[in-house]
Amino acid sequence: MRCSLLRPDPAQRGRLVEIHDNLLDRIAEAEREGWLGDIEGLQVSLAGAQSKISQVDRAPGQGR
């Protein structure tokens with residue numbers, strides 16, 4: 001997720017959305033449990049997932 005050079009496969013968009021949603025759940029859990037050290041890393045991964053989903057959506061021929 002964090003590698004800016006990685007080009008996501010458009011066929012894997014659904015999996016990227018699953019990862020994104022899981023990261024949201026993990027951030028909420030970390031906030032509830034007070035795991036402050038984990039939150040920042042999870043947020044970085046979440047931003048990476050959002051970026052990859054956006055790349056897939058902007059890819060030619062995706063029609064999204």
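**Entry 1: the pair R15 and E18**

I began with R15, which forms a salt bridge with E18 in this predicted model. I read 3.3 Å between the closest N and O atoms of R15 and E18. Both residues belong to helix 1 and stand three residues apart, about one turn of the helix. I then looked up their exposure. R15 has a relative accessible area of 44% and is partly exposed. E18 is partly exposed as well, with a value of 48%. I noted the general background that side chains of opposite charge can pair when their charged atoms come close.

**Entry 2: the pair D57 and R13**

How many salt bridges does the structure hold? I found two. Besides the pair R15 and E18, D57 forms a salt bridge with R13, and here the closest N and O atoms are 2.6 Å apart. D57 sits in helix 2 and R13 in helix 1, so this salt bridge ties together parts of the chain that are 44 residues apart in sequence. For D57 I recorded a relative accessible area of 24%. D57 is therefore partly exposed, as its value lies between the 20% limit for buried and the 50% limit for exposed.

**Entry 3: overall architecture**

I next turned to the chain as a whole. I counted two helices and zero strands. Helix 1 covers residues 13-33, and helix 2 covers 36-58. Along the principal axes, the C-alpha atoms fill a box of roughly 45 × 20 × 15 Å. The chain has 64 residues, of which 25% count as buried.

**Entry 4: the nonpolar core**

Which residues make up the largest nonpolar core? I listed seven: L23, I27, A30, I39, L42, L46 and A49. Helix 1 and helix 2 are the elements that give two or more residues to this core. Helix 2 gives the most, with four residues. In general terms, nonpolar side chains in soluble globular proteins tend to be buried together.

I examined one core member, A49, in more detail. A49 is found in helix 2. Its relative accessibility is 0%, under the 20% limit, so A49 counts as buried. I also took the C-alpha separation between A49 and G61, which is 21 Å for two residues that are twelve residues apart along the chain.

**Entry 5: C-alpha distances between helix residues**

I looked up V44, whose place is in helix 2. V44 counts as partly exposed at 42% relative accessibility. From V44 to the core residue L23, I read 9.9 Å between C-alpha atoms, with the two positions 21 residues apart in sequence numbering.

I19 lies in helix 1. Is I19 buried or partly exposed? At 21% relative accessibility, I19 counts as partly exposed, because buried requires a value under 20%. The C-alpha atoms of I19 and S45 are separated by 9.4 Å, and these two residues are 26 residues apart along the chain.

**Entry 6: the segment before helix 1**

I then moved to L5, which lies in the segment before helix 1. L5 has a relative accessible area of 72% and is exposed, since that term applies over 50%. I checked L5 against S54: the two are 49 residues apart in sequence, and their C-alpha atoms are 14 Å apart in space.

**Entry 7: surface charge**

Where does a negative surface patch occur? I found that D21, D25, E29 and E33 form one. I followed up D21, which is found in helix 1. D21 is partly exposed, with a relative accessible area of 38%. This value fits membership of a patch, because patch residues need over 30% relative accessible area and no salt bridge.

**Entry 8: recapitulation**

I closed with the points to keep at hand. The predicted model has two helices and zero strands. Helix 1 and helix 2 each give two or more residues to the largest nonpolar core. The salt bridge between D57 and R13 also links helix 2 with helix 1, whereas R15 and E18 both lie in helix 1.

Notes:
Residues are numbered from 1 along each chain as its sequence is written. This is a predicted model: local features need pLDDT of at least 70, side-chain atom pairs count only at pLDDT 80 or more; totals for chains, interfaces and linings use all residues. Side-chain values use heavy atoms; hydrogens and water are left out. Patches are made of residues with over 30% relative accessible area and no salt bridge: like charges are joined within 9 Å, nonpolar side chains (Val, Leu, Ile, Met, Phe, Trp, Tyr) within 5 Å. Accessible areas come from the Shrake-Rupley method with a 1.4 Å probe; for residues, only the protein chains shown count as cover. A salt bridge is a side-chain nitrogen of Lys or Arg within 4 Å of a carboxyl oxygen of Asp or Glu. Lys and Arg count as positive and Asp and Glu as negative; His and the chain ends are not counted. The place of a charge is taken as NZ of Lys, CZ of Arg, CG of Asp or CD of Glu. Buried means under 20% relative accessible area, exposed over 50%, partly exposed in between (1.4 Å probe, protein chains only). A nonpolar core is a set of buried Ala, Val, Leu, Ile, Met, Phe, Trp, Tyr and Cys residues joined through side-chain atoms within 4.5 Å.
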